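Visitor: I'd like to go through this model and ask how each label was earned. Could you walk me through it?

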Amino acid sequence: MSHFPDTRLVMTGHSGDGKSIFVYDGLRKPFAPFGLAGPQFTSFHASPAVPASNSASIPDLPAGAVPHCPPAGVLFVTTDIPADCSVPKHRTRTADYAVVLAGEVVLALEGTKKTIKAGETMMQRGTNHAWHNRTDTPCRILLVMVGAEAIQLADGRVLE
């Protein structure tokens, strides 16, 4: 169970005659694909392509799996990292816009690291990275992930 309350999502849309309306107002439940001692995710919206549709229904987001951004799309999610917990190194083919909402987290790259605290932002650009919460309080990160091109090095190699 997350140490944070479930997050309320309010989503707007349009009636058949074009009037602005609320189409969803409810709590989104986190899911923990690595068990309750590991990171938890709350998904709010995903679009398979950009530009995103402002007419599509609320997507059914998979529970029990790590959220992945569609290759040409966008994903809106929070990640809760428990106290004294790490997320192993990984690389995503996305541009990630992130804000630490609560707590703090160490963003570890290959050979370097920085601590990001509540209210601070990050832009993660397809690098191999890990997250470490080295504190005794949980950390919540809000992410908007956008599908991105593969990283191509000067010698032509493509990073996967």
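What follows is a chat about the labels and the values behind them.

Guide: Sure, and one thing up front: this is a predicted model.

Visitor: What does the UniProt record list for residues 82-144?

Guide: The unreviewed UniProt entry gives that stretch as "domain: Cupin type-2". In the model, residues 82-144 are 65% strand and 0% helix. The C-alpha atoms at the two ends of the span lie 20 Å apart.

Visitor: Which strands make up the open sheet, and in what order?

Guide: There are four of them, in the order S5-S10-S7-S8, with antiparallel pairing.

Visitor: What makes S5 and S8 edge strands?

Guide: Count the partners. Strand S5 (85-90) and strand S8 (113-117) each have a single partner strand, so one side of each has no neighbour in the sheet. On average, neighbouring strands here are turned by 20° against each other, ignoring direction.

Visitor: How do you know that S5 and S10 are paired?

Guide: Two strands pair if there are at least two bridges between them. S5 and strand S10 (residues 129-133) have four bridges, and they run antiparallel, so they pass. Within that pairing, Ser 86 sits opposite His 132.

Visitor: What makes the link between the side chains of His 132 and Ser 86 a polar contact?

Guide: The distance limit for N or O atoms is 3.5 Å, and these side chains are joined at 2.6 Å.

Visitor: And why is His 132 called buried?

Guide: Buried means under 20% relative accessible area. His 132 comes in at 16%, so buried is the right word.

Visitor: Which strands does S11 pair with?

Guide: S4 is one of them, antiparallel over eight bridges. Strand S6 (residues 94-102) also pairs with S11 in the antiparallel sense, again over eight bridges. On the S4 side, Thr 79 has Ile 141 as its bridge partner. On the S6 side, Ala 95 stands opposite Val 146.

Visitor: How many salt bridges are there?

Guide: Four. One of them joins Asp 80 and Arg 140, with the closest N and O atoms 2.7 Å apart. Asp 80 is in strand S4 and Arg 140 in strand S11 (residues 139-147), 60 residues apart.

Visitor: Are Asp 80 and Arg 140 buried or exposed?

Guide: Both are buried.

Visitor: Why is the Asp 6 and Lys 29 pair called a salt bridge?

Guide: The cut-off is a side-chain nitrogen of Lys or Arg within 4 Å of a carboxyl oxygen of Asp or Glu. Asp 6 and Lys 29 have their closest N and O atoms 2.7 Å apart, so the label holds. Asp 6 lies in the segment before strand S1 (7-14) and Lys 29 in the loop between S2 and S3, so the pair ties together parts 23 residues apart in sequence.

Visitor: What are the exposure labels for Asp 6 and Lys 29?

Guide: Exposed means over 50%, and partly exposed falls between that and the buried limit. Asp 6 has 27%, so it's partly exposed. Lys 29 has 58%, so it's exposed.

Visitor: What links Arg 157 and Asp 155?

Guide: Their side chains meet in a salt bridge at 2.8 Å, N to O. Arg 157 and Asp 155 are both exposed.

Visitor: How many aromatic pairs does the structure hold?

Guide: Two. Phe 31 and Phe 41 form a tilted pair, 6.3 Å centre to centre with 45° between the planes.

Visitor: Why is that pair called tilted?

Guide: Ring centres have to lie within 6.5 Å to pair; planes under 30 degrees apart count as stacked and over 60 as edge-to-face. At 45°, neither of those fits, so tilted it is. Phe 31 is in the loop between strand S2 (20-28) and strand S3 (40-47), while Phe 41 is in strand S3, ten residues apart. Both are buried.

Visitor: What makes the Phe 44 and Phe 76 pair tilted?

Guide: The ring centres are 5.2 Å apart and the planes stand at 50°, so this pair is tilted as well. Phe 44 belongs to strand S3 and Phe 76 to strand S4 (residues 74-81), 32 residues apart.

Visitor: Which exposure labels go with Phe 44 and Phe 76?

Guide: Phe 44 has a relative accessible area of 4%, so it's buried. Phe 76 is at 30%, so it counts as partly exposed.

Conventions
Residues are numbered from 1 along each chain as its sequence is written. This is a predicted model: local features need pLDDT of at least 70, side-chain atom pairs count only at pLDDT 80 or more; totals for chains, interfaces and linings use all residues. Side-chain values use heavy atoms; hydrogens and water are left out. UniProt positions are given in the numbering used here, feature names are shortened, and annotations may be inferred rather than shown by experiment. Axes are lines fitted to C-alpha atoms, for helices over the stretch in contact, and angles run from 0 to 180 degrees between N-to-C directions. Rings of Phe, Tyr and Trp (its six-membered ring) pair if their centres lie within 6.5 Å; planes under 30 degrees apart count as stacked, over 60 as edge-to-face and the rest as tilted. Buried means under 20% relative accessible area, exposed over 50%, partly exposed in between (1.4 Å probe, protein chains only). A polar contact is a pair of N or O atoms within 3.5 Å; within protein, one must be able to donate a hydrogen and the other to accept it, and residues adjacent in sequence count only if both atoms are side-chain atoms.
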